[in-house]
Structure formats: structure tokens, C-alpha cells
Amino acid sequence: MFLGIVTNAFATKIIVSEDIGFDTINSTTFLETALTTSVADTIVVDNVGMDWYTGPLDVNRDNITIILERGVILRALPGVYGEFDSLLRIRDRSNITIKAYGASIIMNKQEYVNLADSEFRHCVNLESAINIWIEGLTVKDSGGDGFSVSKSFLPSSPQNYCENITLKNCVSNNNYRQGLSLISVKDANILYSEFSDTNGVLPEDGIDIEPFDIDQRIENVLIKGCRILNNNGNAIQVAMEFMDDTSNDISINVEDTYMSSNHDPSNTFAYAELNIDDNGSNGVDGFVNFSNCYIDNSDWTAVYISKTVDSYQANFENCVFKDISNDPIAFNNPIFFEVTDYSNPVSRFGGASFQDCTIIYDEDIPFIDLVENSSTSDGLGDVNGNFYIVNPNSPSFLTGVNPNNVSITFESLSALPTTQVEISASQLNYTEGLDPEFIYSLERTTNTLLPLAVNLNFTGTATYGDDYYRQPSFALFEFGQQETNESIGIINDDIDELEEELQLTLVDNGCYSLLPENEITLLLGESTLSIIENENEITLEFYPNPVKDKVSIITESKNLYLEVFDMFGKKMEQLSLENTNILNMLNYSSGVYILKIGNKSKKNSYRNIKIIKE
């Protein structure tokens, strides 16, 4: 038995369909009104059981929260998006939060492919926006980027960069140009998000960090806990061709990020998971740091660097590059350097540091190689590193004919040592709303020092993006580390539901032998099921859950209604609630459904309840 509650949580809130309107064919006007002329500080785009078809939208207000209810889809109208139109643009605005767990923005990618003029039709376009927080949103099928973070092109714009931008627990899938473009931004946090299956028009990267003006900014960027998978271009590209030594220093940190199966032969540029370059002569200063990152299962180079030694520094620490360089084409070594100019005199190329990095590959090629050109550059310079190389052949590296300040050391292993790993947790029961995260531990039971990663699989009745976030697919042991503690964030989803399970299972990736203790099951329950009724709340009982045929609903509250939605947002039925009610679900298919309980006399009062049909 569960008690559900409906609360009017905001002082000024509008629900778009109820307070403004909804149209099954074109809801652009209603959404524009909410985002432009309404005065409420919270805008709820509610789940009406159908997609919200819309043309391009601009957020023309400051200091608002936009909530896309679970199951909501903002879908681009066909035939109305011009070459530079985005579905949602925030330009020269500040202090905007978008919460969208279980909600999506979907465009019409094939339409834009057919037009053959598209790379700027973005799902979400931030231009000189300040203090923007976007959480839980899925964006897909754009004619450009899933997310673009850039400058405003209005002459009146107060600055040419976005500032204080957070994307957290977002998914960007099957976009045309990039999963995410960072073009001009200061203070950006890209957290626990996924960028996958980008394909269509160059560069086709998961994340592309690429200013196009000398005075733009890439400052204090953090990419942490992300997954970057199956993109036609690079996993991450740091492309600084348009900045120079008069530009503001760049500062980028990439941490705890998983990259796998990026780049496709159809993309003839930069066969690499990570591509790092500058303008070739007087590049921008600063740094890009990669720490505790894991590249796995790639046919291509792990790290490609083409920049001069006097531009920004590239640093790698405790990174694992596993099962890479599988395609036996030329110049496909695990780490590859290239001179920056073949025609004009330039400085030495290089400027990179590798500390305690492991490379696991099978090809009989040097783990470091390069292309130099003595007529324009003196050669490789300012590169140092210590590596652990696992290769059945005799590992080697090349540094050219005239290296300067280059120091490379490595320990060679023909095969990985037998190493056991197990997973455990001191606490297996967690409470949504009270415990912020699951904590678990992994331990190597033999004395292996080299950095290695173990792959993880997540299964169970708890749902990623609904019930929890942070799903990194791996855990990485740093050099000398025998035990590591990891965590998974818990989402307080405001849905009353049964206790749910999340299984974490170690996956055999060839690096470890697994002990019997290779799986743990975490249990996630509700924080409270006891509610005091007042004028802004409703109280009801419903049972059983899960249900085989009928659900009993008992309430003393008045003027209540019930709507039933499937997990795709389709409304199944609606009924008014009296004291005792029966919801007949006998003919429903097995699966998860959402019961939306509302008060007819209080528009802003409703509650979502998850129920399982057996």
C-alpha cells in the first residue's frame, strides 16, 4: 500500500497545456507564450500523452525554471526550420534551469540531410547565455549539434561567450554535426552525460571544442564522468586553429570519462579517439588535462597531437588505452604526433606529458610514432612519459631524428598479469531523497601496480535517468592503487513506487579474472509514505503494486482525477476519483505505467505514481 501526495510547490507556476494551451498539430504559439510573455517563474511543459510539435523556440526571459515532465517530447515540425534555426535557443539570457528527466527534444534529421545545407539546426543552442543549468534532457536527430555553446551574433550582446553552463545527466544521440560543441564558454561543467552516434557532416565528434574567433574563450571547462560512444568523428576534439598566443589561455579538464568505438572510415580526417591541435605556428597558451580516462575497443589511434611546443600543454595521467589501433593501416599507432606545417617554418611540435598510462594493443607497431618535416620544423620536443605497454610483440617508440627534451620510459609486458578483482558495498539499501548516492568499492586482490580499468554492467528494475545517474561503464585503478571507491547518484523523482533493484556486475574485459563476488545488488526505496493532508495536498491509498488485473484507489479528498500513461507518454485512460475506485488494468500489456493524480480545482496540484503491470 502506498500513499501519494499532490503539492503546489511553487508560488508562481504555469502548466502550459492547462494555462495556455496545446494543439495536436502545432503548439509553437503556446510554448512561445510560456517562454516569452508569461510571468510565472516556473513553466511546466506537461505530459499530455502526445508530442508537442513546435517550430523554433527562443527563451526570452531571465530567472526561470523550465520543467519538461517525464515522457514529454518536444518534436520539430517538418519543413519549418531554416538553415540557422534551432529548436530551443537561449540567447543573451541568464539564470535559467531546465529539468527534464525522461523528456526529449527530437528533430527531423533525415529532412535536413536531404536539404544538404545543414550543420546549424541544433536541438539546444546557447549563445552568450549566463548561469544555465540543464539536467536530465535527451536530445537527438538534429540537423547540427545536440548542444551548441557559443557566442551571440547580435551586435548588442554584452559578451561573446557563454558563462557558467552546466549539462548534467544529459544524452545527445544521432545528431548531424556534433554531440556537443563548445565554441566560446567560460566555466562549463559537462557532467555524467552521454554523447553517441553522431554522423552526417564534419567533424561528427562526440564533443568538439573549437572556437572560430581569436577573442573567444575556452576557460575552466570540466568534462567529468561522461560516456562518448560510436561517433563517426573523434570522441573529443580540441581544435584551436583559430586562436593564437594573444587569445585568453585555454583550460580544460577531462576526468573519469569513457570513450569507445569512435571514428568511422567514412570520415577521412583524424583517425583518432582524441584529436589535439593548434593553429600551427603561434598557438594559444594554456592546458588540456586528461585524468583517469579509459579508451576501449577502437580501431584507431588513441591520441593524435599536432601542435607546437610553445602553445598549450596536453597532459595525460592514469589513463588506460585498451584494445586500440586495431586497423593495420599506416600511421595508426596508439599515440601519434605530426608536424604542424609542411610549407612554412614553425617551432618544434609536441608539448605533451604522459604519467602512469597503460597501453594495451596487439599490432606490431611502435606505441609512439610521428611524421616530421625537417625543412619546416626541428622536430619533436617537450614530450615526456612513463608507460606500461602490454603487447605480445616487442614494444618500441619513435621520436624522430632530432628530438629535444623528450624523455620516454616504459615497462613492457607480453600479457597482463593474472589479477583478480571483486566488488562490494557496505550498504545495500538506500532511500531516495535522503541518500544522495550509492557507494561501492572495487578491490584488486593481487599486487598489480599498473593502471587498469574494469568494465561494469548495470541492470535491474531501477532505470538510468529516472532513478539514478552516473553510469560510467568502468572503474579505473590508478597506479599502485589496490582499492577504489565509486558512486552512483540517486535521483529524487517525486514518483511513489516499489523498492527497485540495481545490479552492478563486473564484465570480463581481459584485464582481470573475476572472483565469485563479481556482482552486487543495490535496493532503492522511497523516503516517506506518510503524508498529512492540507489544502494544497491530496492523500490516497492505492494497491496492489505490482498489479495483475485491478488497482484499488481509496481517498477522502475531493475533485480528484486520474490519468494513466504508458512509458512512451501515451494516455491510456482518464477517470474521476470518488471515495473508493477501481482501475481495471486486466487488458493492459505488461510493463510500467504512470498514474497522474490531480485536483480539478487546483491546476498546479498533481502527483505522478509509477505502477507495474505484471
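Hi everyone, let's start with one residue: I209 has its place in strand β18. Before going further, please keep in mind that this is a predicted model.

So, is I209 buried or exposed? Its relative accessible area is 0%, and because buried means under 20%, I209 counts as buried. What does I209 touch, once residues up to four places away in sequence are set aside? The list runs L182, I218, I223, I236, Q237, V238, A239, M240 and I252. L182 is also the bridge partner of I209 across the strands. And if you like a distance to check on screen, the C-alpha atoms of I209 and V221 are 9.8 Å apart, with their positions twelve residues apart along the chain.

Now the strands around it. β15, residues 178–182, pairs with β18, residues 205–209, in the parallel sense, over four bridges. Both belong to an open sheet of eleven strands with parallel pairing, and its order is β5-β8-β10-β12-β15-β18-β21-β24-β27-β30-β32. At the edges you will find β5 (57–58) and β32 (368–371), each of which pairs on one side only.

There is more parallel pairing to look at. β13, at residues 162–168, pairs with β16, at residues 185–191, through six bridges, and there C162 stands opposite V185. β16 also pairs in the parallel sense with β19, residues 218–224, again over six bridges. In that pairing K186 sits opposite E219. As a general reminder, strands of a sheet pair through backbone hydrogen bonds, parallel or antiparallel.

Next, the nonpolar cores. How many residues does the largest nonpolar core have? It has 98, and I209 is among the residues with the most contacts inside it, along with L137, I236, F290, F316, F337 and F387. There is also a second, separate core of 29 residues, which includes L413, L442, L522 and L524.

Let me stay with F290 for a moment. Leaving out neighbours within four places in sequence, F290 is in contact with I236, V254, L274, I276, N315, F316, E317 and C319. F290 and F316 also turn up in one aromatic cluster, joined there by F354, F367, F387, F397 and F410.

That brings us to the rings. A search of the whole structure gives 22 aromatic pairs. One of them is F153 with F212, a stacked pair at 6.1 Å centre to centre, with 5 degrees between the planes. Where do these two sit? F153 is in the loop between β12 (145–150) and β13, while F212 is in the loop between β18 and β19, so to speak a link between distant parts of the chain, 59 residues apart. F153 is exposed, at a relative accessible area of 55%, whereas F212 is partly exposed, at 30%.

A further pair is F458 with Y468: the ring centres are 6.3 Å apart and the planes meet at 20 degrees, so this pair is stacked. F458 lies in β38 (residues 452–459) and Y468 in β39 (residues 468–469), so the pair ties together parts ten residues apart in sequence. Here F458 is buried, with a relative accessible area of 12%, and Y468 is buried too, at 3%.

Last item: charges over rings. K307 lies over the face of Y312, 5.2 Å from the ring centre. R470 lies over the face of Y192, at 4.9 Å from the ring centre.

That's my tour. Thanks for listening!

How values were computed:
Residues numbered from 1 in each chain as written. Predicted model: local features only at pLDDT ≥ 70, side-chain atom pairs only at ≥ 80, totals over all residues. Heavy atoms only, no water. Pairing = 2+ DSSP bridges. Core = buried A, V, L, I, M, F, W, Y, C linked by side-chain atoms within 4.5 Å. Buried < 20%, exposed > 50% of the residue type's maximum accessible area, 1.4 Å probe, protein only. Contact = heavy atoms within 4.5 Å. Phe/Tyr/Trp six-rings, centres within 6.5 Å; stacked < 30°, edge-to-face > 60°. Lys NZ or Arg CZ within 6 Å of the ring centre and 35° of its normal.
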